[in-house]
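Hi everyone, thanks for letting me take a few minutes today. Please have a look at the screen with me, and stop me if I go too fast.

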Amino acid sequence: SREQPIFSTRAHVFQIDPNTKKNWVPTSKHAVTVSYFYDSTRNVYRIISLDGSKAIINSTITPNMTFTKTSQKFGQWADSRANTVYGLGFSSEHHLSKFADKFQEFKEAARLAKEKSQEKMELTSTPSQESAGGDIQSPLTPESINGTDDERATPEVTQNSEPRAEPTQNALPFTHSSTISKHWEAELATLKGNNAKLTAALLESTANVKQWKQQLAAYQEEAERLHKRVTELECVSSQANAVHTHKTELNQTIQELESTLKKKEEEIERLKQEIENARELQAQRDSLTQKLQEVEIRNKDLEGQLSDLEQRLEKSQNEQEAFRNNLKTLLEILDGKIFELTELRDNLAKLIECS
């Protein structure tokens, strides 16, 4: 690989809120590996950080960038190409200082490389034919970044995560289960709509990528043809002045083509990122579909339990009503017996008095 990590550390990654431009939005749930990379082909330095397969930092260091320490464990820098401000939270002041020193070192190296490149372009009459097609950049993979074990940082900034509600073993009211089912159905419908839009965008993006690749190949062929034309014109000594003017125009055209190539590379990288995000949304949709099926099964189980409980309650009420009726009958019989005993007592008392 032409691009290798030259320094790695661990930090929490943030980006400035695009709406307020004041608040920090965390882009990593925990401390991740942040690495400096050197591209020997393009002679540039970049800061890369991946959270799983997602690139949360992809910043090319330029001479006009500045890394600022805003506290003992936090630093930030602005990237005009990405139109954002990156922030890093470290586990110690030592790690922050080391990262800042490396930033300054590679910034100075980028400045020297830029000056050297400008001088080379001024001194070289004919640009290299390989420059037209040598900037196609292969995407980074998570395996290309190796974090150092001795610099693993304890997360300083943690996110407040709400625990997800799970169904309990006890019987839930049927109305509550229906509400949960409707909520998941609405959320699934929203995700299906988003998935349809993303699928259409992916198809369009794929078509654009193919078209741009064809344009890149055409630009490279045009650049080679222009280089050959410049060489032919230089061989004609009788038309030196005209050749010089024509050569200057061709060089400008080549520079414009190289600039266009670079823009197309950046656009292809952005489309690849959008495709990756669409795949993540597809995985989330599949997960929600599975959860909805589990909720429906749970609802059916709860409906069965509720029906059983209603039958048992009705049976118990009938048994209680029969028991009350039996008690009333026994009380009536008991009242009759008590009345008879009372009369018998009165008669015995009268007999005793008469005797």
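Let's start with residues 125-176, where pLDDT stays under 50. This is a predicted model, and the model has 80 contacts beyond four places in sequence for that stretch. Should we lean on those contacts? Here is the rule to keep in mind: where pLDDT is low, the predicted coordinates should not be read in detail. So I will leave the details of that stretch alone.

How does the rest of the protein chain score? The average pLDDT is 80, and 81% of the residues score at least 70. Among the helices and strands, where is confidence lowest and where is it highest? The lowest is helix α2, residues 174-235, with a mean of 73, and the highest is strand β7, residues 74-79, at 96.

Now for the overall layout. The protein chain has eight strands and three helices. Along the sequence, the pattern reads β-β-β-β-β-β-β-β-α-α-α. Of the 355 residues, 25% are buried. Take the contacts with a separation of 6 or more: 65% of them are between residues 24 or more positions apart.

Let me zoom in on strand β3, residues 32-39. Seven of its eight residues are buried, so this strand is mostly covered. Its partner is strand β4, residues 44-51; the two run antiparallel and are joined by six bridges. One bridge to find on your screen is Tyr38 with Tyr45 in β4. Together β3 and β4 make a hairpin, with four residues between them.

In that turn, please find Asn43. Its phi is near 60°, which is a positive value in a residue other than glycine. Why point that out? Most residues other than glycine have a negative phi. Asn43 is partly exposed, with a relative accessible area of 30%. There is another residue like this to look at: Asn83, in the loop between β7 and β8, has a phi near 55°, also positive. Is Asn83 buried or exposed? At 61% relative accessibility, Asn83 counts as exposed.

Just before β3 there is a loop, coming after β2, and Ser28 sits in it. You might expect a loop residue to stick out, but Ser28 is buried, at 4% relative accessibility. What does its side chain lie beside? A polar atom of the Ser28 side chain is 3.2 Å from the backbone nitrogen of Val13. A polar atom of that side chain also lies 3.1 Å from the backbone oxygen of His30.

Next, the aromatic rings. How many aromatic pairs does the structure hold? There are 14. Take Phe7 and Tyr36: their ring centres are 6.0 Å apart and their planes are at 40°, so we call the pair tilted. Phe7 belongs to strand β1 and Tyr36 to strand β3, and with 29 residues separating them, this pair links distant parts of the chain. Phe7 is buried at 9% relative accessible area, and Tyr36 is buried too, at 0%. A second tilted pair is Phe90 with Phe99, with 5.6 Å from centre to centre and 50° between the planes. Both of those residues are buried.

These pairs join up into a cluster. Ring pairs link a set of residues that includes Phe7, Tyr36, Tyr38, Tyr45, Trp77, Phe90, Phe99, Phe103 and Phe106. You met Tyr38 and Tyr45 a moment ago as bridge partners, and here they are again in the cluster.

Let's follow that cluster into helix α1, residues 93-123. The buried residues of α1 include Phe99, Phe103 and Phe106. Look at the spacing: an α-helix has 3.6 residues a turn, so residues three or four places apart point the same way. Also on the buried list are Leu96, Ala100, Lys107, Ala110 and Ala113. What span should the 31 residues of α1 have, at 1.5 Å a residue? The expected value is 45 Å, and the end C-alpha atoms are 45 Å apart, so the two agree.

One last stop, in helix α2, where you will find Asn194. Asn194 is partly exposed, at 35% relative accessible area. Asn194 and Gln282 are 88 residues apart in sequence, and their C-alpha atoms are 9.5 Å apart in space.

That's my tour, and I'm happy to go back to any part of it.

Definitions and conventions. Residues numbered from 1 in each chain as written. Heavy atoms only, no water. Buried < 20%, exposed > 50% of the residue type's maximum accessible area, 1.4 Å probe, protein only. Polar contact = N/O pair within 3.5 Å; in protein donor to acceptor, adjacent residues only side chain to side chain. Phe/Tyr/Trp six-rings, centres within 6.5 Å; stacked < 30°, edge-to-face > 60°. Expected span 1.5 Å × (residues − 1). Pairing = 2+ DSSP bridges. pLDDT = per-residue confidence, 0-100. Contact = heavy atoms within 4.5 Å.
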